[in-house]
Amino acid sequence: YNTGFGLYPKGGLDMAAGRSLILGESFGSTQQVEYLRPQHSVSVEGNYFMSGWGGSHDVKFGGGWRRADATTKTVWPGDMILALENSVTDYRARVYREGLGTDRAEFFNLYAGDTFSKGRLTLDVGVRWDRQWGASLASDTQSNPAFPNLVPGISFAGYDTPFTWNNVTPRLGLTYALDAANKTILRASFSRFARQLSNGFVGWRNASSNVGFADYRWVDANADHLAQPSEVLVDQGVITFGGGFDPDNPTSVESADNWSSDFRAPVGTSVVVGVDRELMPNLALQANYSYTRTVDSVQNFTNFYVPWAGVTRDDYLPG
């Protein structure tokens, strides 16, 4: 599956980029981001029908393998310098390098199940085994064209995740007709599900996909709201930096982030009990009770909230 998408600026990559919070305007072009998401999938499934134990069996079995790559490439236009007019006393040039990284997640599963029917009883039993692991692939990123010595690219050697998730998840379902006409049916089910390993978890320590940057003071000599290299005051030193970039070690690929030693797949357990009753032709009433519980849950990435190691509520002050 050749999935993915890109965000391509209408202004292209030849002109520079600028933003003025004073005027509430943007100038020039903006960043280009490409998200490549190729997937390879192989699956084998089978069915076998038989009679036994006084009823009929529908046996299902199979397995599969899947590999999903997530490549993110980010580049700023022109000399890869974003001119920022934050206030009349704060003009700064954000000097970027390229972000280019690939995180790979792989999945393998085997499953088997049987649907057994006998009289008023239908019983579904099954079990599934999932194995999930991943790797961040090697990558070389582009230096800033104007200041390659100050904000150089990086050579990332890649790594395999230090964890592999193995989960066995059983499932059981039962339906039973209380009367011969099948007008009242009892239902019950128990199932467990293991969460899928995301590429974001795999790339938790991958610095190559981050767009590293350093901020320097800037004087807009020609008043075009864009930062030419000659206008960037690199001799005054770095104001701030980010995106995994460290001015004291500009080619470092080390990350301050890490995985917990007991990082496991979140597992959910679901129990449903209910009854169906046909009150009259074309009218039925159903009542169900559901209970779901998830253990080993991880923080929601969409909220960008992560548990900082060694930090508690007491370490924060109102601001």
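# Close-up views of a predicted model

**Figure 1. The whole chain.** The protein has 1 helix and 19 strands. Its radius of gyration is 28 Å, well over the 20 Å that the globule rule gives for 319 residues, so the protein is more spread out than a compact globule. This is a predicted model, not an experimental one. Along the principal axes, the C-alpha atoms fill a box of roughly 90 × 45 × 40 Å. Of the 319 residues, 34% are buried. The accessible surface comes to about 18800 Å². Carbon and sulfur atoms hold 54% of that surface. Take the contacts with a separation of 6 or more: residues 24 or more positions apart account for 71% of them.

**Figure 2. The largest nonpolar core.** This core has 13 residues. Which residues have the most contacts inside it? They are Phe107, Phe163, Trp165, Leu197, Phe201, Trp259 and Phe263. Two elements give two or more residues to this core: strand 8 (99-118) and helix 1 (199-202). Another core, of 12 residues, lies apart from it. Among the residues of that other core are Ile81, Val95, Val151 and Ala227. In soluble globular proteins, nonpolar side chains tend to be buried together.

**Figure 3. Strand 13 and its partners.** Strand 9 covers residues 121-136, and strand 13 covers residues 165-177. The two run antiparallel, joined by 12 bridges. At one point in this view, glutamine 132 stands opposite tryptophan 165 of strand 13. Trp165 also appears in the largest nonpolar core. Strand 13 pairs with strand 14 (residues 184-194) as well. How many bridges join strand 13 to strand 14? There are 7, and these strands also run antiparallel. Tyrosine 176 has leucine 186, in strand 14, as its bridge partner.

**Figure 4. The turn of a hairpin.** Strand 13 and strand 14 form a hairpin with 6 residues between the strands. Look for asparagine 182 in this hairpin. Its phi is positive, near 60°.

**Figure 5. Aspartate 276 and its neighbours.** Aspartate 276 is found in strand 18, which spans residues 267-280. Is aspartate 276 buried or exposed? Its relative accessible area is 13%, so it counts as buried, the cut-off being under 20%. Its side chain makes a polar contact of 3.0 Å with the side chain of glutamine 286. Leaving out residues up to four places away in sequence, aspartate 276 touches Lys183, Thr184, Ile185, Arg187, Leu285 and Gln286. Gln286 is thus named twice here: as a touching residue and as the polar partner.

**Figure 6. Isoleucine 239 in a loop.** Where does isoleucine 239 lie? It sits in the loop between strand 16 (232-233) and strand 17 (240-242). Isoleucine 239 is partly exposed, with a relative accessible area of 30%. It touches Arg92, Asp215, Tyr216 and Arg217, once residues up to four places away in sequence are set aside. Now find threonine 89, which is 150 residues from isoleucine 239 along the chain. The C-alpha atoms of these two residues are separated by 14 Å.

**Figure 7. Two exposed loop residues with positive phi.** Start with tryptophan 53, in the loop between strand 4 (32-52) and strand 5 (55-75). Its phi is near 55°, a positive value in a residue other than glycine. How much relative accessible area does tryptophan 53 have? The value is 73%, so tryptophan 53 counts as exposed, the cut-off being over 50%. Next comes asparagine 282, in the loop between strand 18 and strand 19 (283-295). It is not a glycine either, yet its phi is positive, about 70°. Asparagine 282 is exposed too, at 85% relative accessibility.

**Figure 8. Glycine 4 near the start of the chain.** Glycine 4 has its place in strand 1 (residues 2-7). With a relative accessible area of 46%, it is partly exposed. Which residues does glycine 4 touch, not counting residues up to four places away in sequence? They are Tyr35 and Arg37. Proline 38 is 34 residues away from glycine 4 along the chain. The C-alpha atoms of glycine 4 and proline 38 are separated by 7.2 Å.

Note on methods: Residues are numbered from 1 along each chain as its sequence is written. This is a predicted model: local features need pLDDT of at least 70, side-chain atom pairs count only at pLDDT 80 or more; totals for chains, interfaces and linings use all residues. Side-chain values use heavy atoms; hydrogens and water are left out. Helices (H or I, at least four residues) and strands (E, at least two) are DSSP runs, numbered from the N terminus. Buried means under 20% relative accessible area, exposed over 50%, partly exposed in between (1.4 Å probe, protein chains only). Contact means heavy atoms within 4.5 Å. A polar contact is a pair of N or O atoms within 3.5 Å; within protein, one must be able to donate a hydrogen and the other to accept it, and residues adjacent in sequence count only if both atoms are side-chain atoms. Two strands pair if DSSP finds at least two bridges between them. A nonpolar core is a set of buried Ala, Val, Leu, Ile, Met, Phe, Trp, Tyr and Cys residues joined through side-chain atoms within 4.5 Å. The radius of gyration is taken over C-alpha atoms; the globule rule is 2.2 Å times the number of residues to the power 0.38. Accessible areas come from the Shrake-Rupley method with a 1.4 Å probe; for residues, only the protein chains shown count as cover.
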